[in-house]
Each structure stands twice: as C-alpha cells, then as structure tokens.
Amino acid sequence: MKHFTQFEDKQTADSLIDLALAYEANPRMHASKGIGKRIGCIFLNPSLRTRASTQIAALQLGMEPIVMNMDKEGWALEMREGVTMNKGTVEHIKDAAGVLGSYFDILAIRAFPTLTNKQEDLEDFVFNQFIKYSGVPVISLESAIRHPLQSLADMISIKENINEGKKVKVVLTWAPHIKAIPHAVANSFSEWALGCGYDLTITHPTGYELDTKFTQGAQIEHDQQAALEGADFVYVKNWSAFNDYGKILSTDATWMLTEKHLRHAKKAKVMHCLPVRRNLELSDEILDGPRSLVQVQAKNRIFAAQAVISSILDGI
Ligand code: CP
C-alpha cells in the first residue's frame with residue numbers, strides 16, 4: 001500500500017480488517033517492524049482520538065511518532081500557486097510538505113474542508129498538496145471529504161458485533177447540530193459500508209443529500225422511522241448541506257435518536273465517531289446504554305491505524 005486515503009476494494013478492506021483484529025488480539029505482535037522509521041502526524045485541525053490512536057498504533061509497531069499541530073505551532077501556510085505572499089501567510093505548502101517529507105518515512109495529515117469553497121474541498125486540495133509535494137506515503141487522518149481510518153474502525157466494530165448468518169441492515173441517520181459539520185465521516189461511512197457489502201439505508205431531512213459519488217447503491221429514505229425499522233446498526237452523524245454547500249438547513253430535534261426511535265429495531269447497535277454533543281445529536285439514554293458501540297469504535301481506531309501503518313511499512 002502506498003497511500004491510505006479512501007476505500008479501495010473489498011479485498012483490501014477485508015485484509016485490513018483481519019490484520020486490525022489480529023493487532024487487537026496481540027498489539028505487540030510486530031513490535032519491531034517500524035524500528036528506525038518515523039511517522040509525522042500533522043494536524044491542521046483539532047483531534048482527540050485520531051491524535052492519540054495513531055501515535056499508539058505507531059509506537060506498537062516500534063515507530064517514532066512526532067505530532068505537529070500546524071494550526072497552532074506551524075507557520076501560516078499559503079496554498080495557492082504562484083501568488084505573491086505579501087499578506088498573512090508565511091510558508092508555502094509545497095515548501096512545508098517537501099521539508100516534512102524529508103523528515104519522515106510516512107506522513108499522516110488531517111485537513112478539514114473550508115465548507116465555503118466547494119470546488120477546493122471536493123478536490124481535497126490541501127490534502128493532495130501534501131501527497132504531491134512530500135514524496136512519501138501519506139495517510140489520511142481526515143481530509144475535506146473522507147475519514148477512512150474512522151470508517152475502517154467502524155467496519156471492524158460492525159464485524160465484531162455482527163449476528164452471523166443474517167443479512168445485515170445498516171442505517172446512516174442524520175442528527176441535529178448547531179454548527180456546520182463536514183461531510184467526511186458520512187461520505188466515508190457510506191463508501192466503506194457499501195464497499196464491504198452491507199445493505200445501507202441513509203436517512204436525512206430533505207436538503208441534506210450527500211454527494212452521490214459516495215452513496216451509489218444506498219437506499220435514501222426521508223422517513224427516519226421507516227429507515228430505522230429492523231436496523232442492526234445505526235450510525236448517527238450530523239453533516240451540513242452538500243448542495244446548498246455548508247449550510248445548516250434544519251436543527252429539528254425530533255431527529256435525535258432516543259430509545260423510542262428504536263422501538264422497531266430492538267437489537268440495533270448504535271454508532272457514532274465521537275466527539276458527540278450529548279442530547280443534541282444523540283441522547284444520554286442511548287450513549288450510556290447497552291446499544292452503544294461508541295467506545296468500541298474509539299478503541300478500534302488504534303488497531304485500524306496499526307493495520308494501515310503496518311501495510312504501508314511493507315512497501316517502504
Ligand atoms: N472520530 C475522530 O476522528 O475523533 P477526533 O476528531 O477526536 O480525532
């Protein structure tokens with residue numbers, strides 16, 4: 001594997017899931033694989049889980065992780081080509097990425113979308129600048145449009161909790177929020193759930209249609225109650241509008257999942273990538289109850305990252 005940026009194919013996903021499960025059983029089974037290698041974890045945006053789990057994963061492989069919070073500790077980056085840098089930016093992305101590529105064997109990058117410049121976000125412009133100019137393998141720690149390490153952890157969490165032999169119904173449901181939230185988690189979850197062969201239904205209020213590039217093959221159901229019926233896994237996530245780009249069109253509190261919403265999905269497990277705004281996106285009763293997989297998902301972030309880093313080390 002060269003870079004890890006998105007779902008590639010089912011075979012690759014299955015082998016990453018199997019490797020992650022092996023690391024969960026024995027986290028130190030390749031404890032010397034990465035000795036002498038460094039990974040730079042570059043954050044242009046905040047993080048708890050991704051920051052900690054990626055470092056733990058690298059350490060469990062014997063690598064040296066170094067974290068840079070570029071938004072707070074780095075120079076203000078210029079992204080545009082050919083401009084005269086006579087305003088606020090201090091360093092060009094191509095110079096910064098080249099330097100980081102010379103310091104590290106692998107780079108891992110978090111670069112959120114603007115939610116205002118749709119074209120730039122859809123091109124995953126900032127993230128791809130690091131791939132273009134660093135010259136080393138790059139792992140997505142969440143880009144403008146995808147969060148593949150989260151989705152890999154989510155697929156591991158589903159596999160661990162599946163009732164074998166039964167067709168699995170997975171529902172991605174929009175939840176209310178007070179801020180404009182990126183599409184990356186919802187896009188990636190849809191991409192991976194469909195790619196892994198799950199029966200996926202996506203439910204959201206009108207106007208919250210996701211980019212169809214990520215949802216081909218999913219059933220779209222605007223009636224949340226109908227969507228949830230018979231669900232085995234319910235993934236809760238807010239996202240802002242895609243067509244009316246970055247806008248908040250609804251904060252309808254009736255979309256927040258409670259036990260009452262799951263009366264026709266008695267055994268459904270509930271997932272969320274975290275951080276979650278309690279009693280806005282998801283109720284305390286669900287988060288603190290036996291349906292919740294949120295802590296399982298967060299822990300699996302370690303093994304997902306470990307499987308990805310390990311697979312990239314194989315190619316270095
Ligand atoms: N789920 C997730 O990516 O969490 P962080 O933003 O805290 O890293």
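A residue is counted as buried if 20 or more other C-beta atoms lie within 10 Å of its own. With that criterion in hand, the reader may turn to helix α8 of this predicted model. The helix is mostly covered, for ten of its twelve residues are buried.

The extent of α8 can be checked by simple reasoning. The helix runs over residues 184-195, and at 1.5 Å a residue its twelve residues should span 16 Å. The C-alpha atoms at its ends are 16 Å apart, which agrees with that expectation. The buried residues are A184, V185, A186, N187, S188, F189, S190, E191, W192 and A193. These buried residues pack against three helices and three strands, namely α1 (10-25), α7 (148-160), α9 (212-215), β7 (169-174), β8 (199-203) and β10 (233-237). Just after α8, the chain reaches G197, which takes a positive phi of about 95°.

The next element to follow is an open sheet of four strands, arranged in the order β2-β1-β5-β6 with parallel pairing. Its edges are formed by β2 (64-69) and β6 (138-140), each of which pairs on one side only. From one strand to the next, the twist averages 20°.

Within this sheet, strand β1 occupies residues 38-43 and pairs with β2 in the parallel sense over six bridges. Two positions show how these strands are aligned. G40 of one strand stands opposite I66 in β2, and C41 stands opposite V67 in β2. Five of the six residues of β1 are buried, so this strand is largely enclosed by the rest of the structure.

Attention now passes to the ligand. The residues around the ligand are S47, L48, R49, T50, E142, Q150, C273, L274 and P275. By class, this shell comprises four nonpolar, three polar and two charged residues.

A last position to consider is S240, which is placed in the loop between β10 and β11 (269-271). Is S240 buried or exposed? It has 19 other C-beta atoms within 10 Å, while a buried residue needs 20 or more and an exposed one has 12 or fewer, so S240 is partly exposed. Leaving aside neighbours within four places in sequence, S240 is in contact with L115, A180, I181, G246, K247 and I248. S240 and H92, by comparison, are 148 residues apart in sequence, and their C-alpha atoms are 30 Å apart in space.

Definitions and conventions. Residues numbered from 1 in each chain as written. Predicted model: local features only at pLDDT ≥ 70, side-chain atom pairs only at ≥ 80, totals over all residues. Expected span 1.5 Å × (residues − 1). Contact = placed C-beta atoms within 7 Å. Pairing = 2+ DSSP bridges. Axes fitted to C-alpha atoms, helices over the stretch in contact; angles between N-to-C directions. Near = placed C-beta within 6 Å. Nonpolar A, V, L, I, M, F, W, Y, C, P; charged D, E, K, R; others polar.
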